[in-house]
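Student: I have a structure here and would like to know how its labels are earned. Could we go through them together?

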Amino acid sequence: MPRTLEDDKLLNVKQAASLMASTPNYLAQQRFSGTGPQFVRYGAHSIRYWQSDIQTWLNSRIRTCTLEDHT
């Protein structure tokens, strides 16, 4: 089912970076490498993030051991 602004919040890059305790530059690097949260592009320079996608991405990064990334 498609998301709507009624059930999810659409964030600009600065808002998304702030929510992640990160920087807009970090998010740009993640978009380039394809390793960050999903994003919405609806113009040449217009990027938005669904708040729920950021939460999903952060949850996928939870680890209990530093060796988990090396198996």
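Tutor: Gladly! The protein has 3 helices and 3 strands, and from the N terminus on they run β-α-α-β-β-α. This is a predicted model, in which local features need pLDDT of at least 70 and side-chain atom pairs count only at pLDDT 80 or more, while totals for chains, interfaces and linings use all residues. Residues are numbered from 1 along each chain as its sequence is written, and side-chain values use heavy atoms, with hydrogens and water left out.

Student: What makes residues 24-33 count as helix α2?

Tutor: Helices are DSSP runs of H or I with at least four residues, and strands are runs of E with at least two, numbered from the N terminus. Helix α2 spans residues 24-33 and includes Q30.

Student: Why is Q30 called buried?

Tutor: Buried means under 20% relative accessible area, exposed means over 50%, and partly exposed lies in between (1.4 Å probe, protein chains only). Q30 has 13% relative accessibility, so Q30 counts as buried. Across the protein, 24% of the 71 residues are classed as buried.

Student: And why is R63 called partly exposed?

Tutor: The value for R63 is 35%, so R63 counts as partly exposed. R63 is found in the segment after α3 (51-60).

Student: Which residues do Q30 and R63 touch?

Tutor: A contact means heavy atoms within 4.5 Å. Not counting residues up to four places away in sequence, Q30 touches T35, G36 and W57, and R63 touches E68 and D69.

Student: What makes the link between R63 and S60 a polar contact?

Tutor: The term needs a pair of N or O atoms within 3.5 Å; within protein, one must be able to donate a hydrogen and the other to accept it, and residues adjacent in sequence count only if both atoms are side-chain atoms. The side chain of R63 reaches the backbone oxygen of S60 at 2.8 Å.

Student: How do you know that β1 and β3 pair?

Tutor: Two strands pair if DSSP finds at least two bridges between them. β1 and β3 (residues 47-50) have 3 bridges, in the antiparallel sense, so the pair meets the definition. One example is N12, whose bridge partner in β3 is R48.

Student: Why are β1 and β2 called edge strands?

Tutor: The open sheet of 3 strands has the order β1-β3-β2, with antiparallel pairing. β1 (10-12) and β2 (40-41) each have a single partner strand, so one side of each is left without a neighbour in the sheet.
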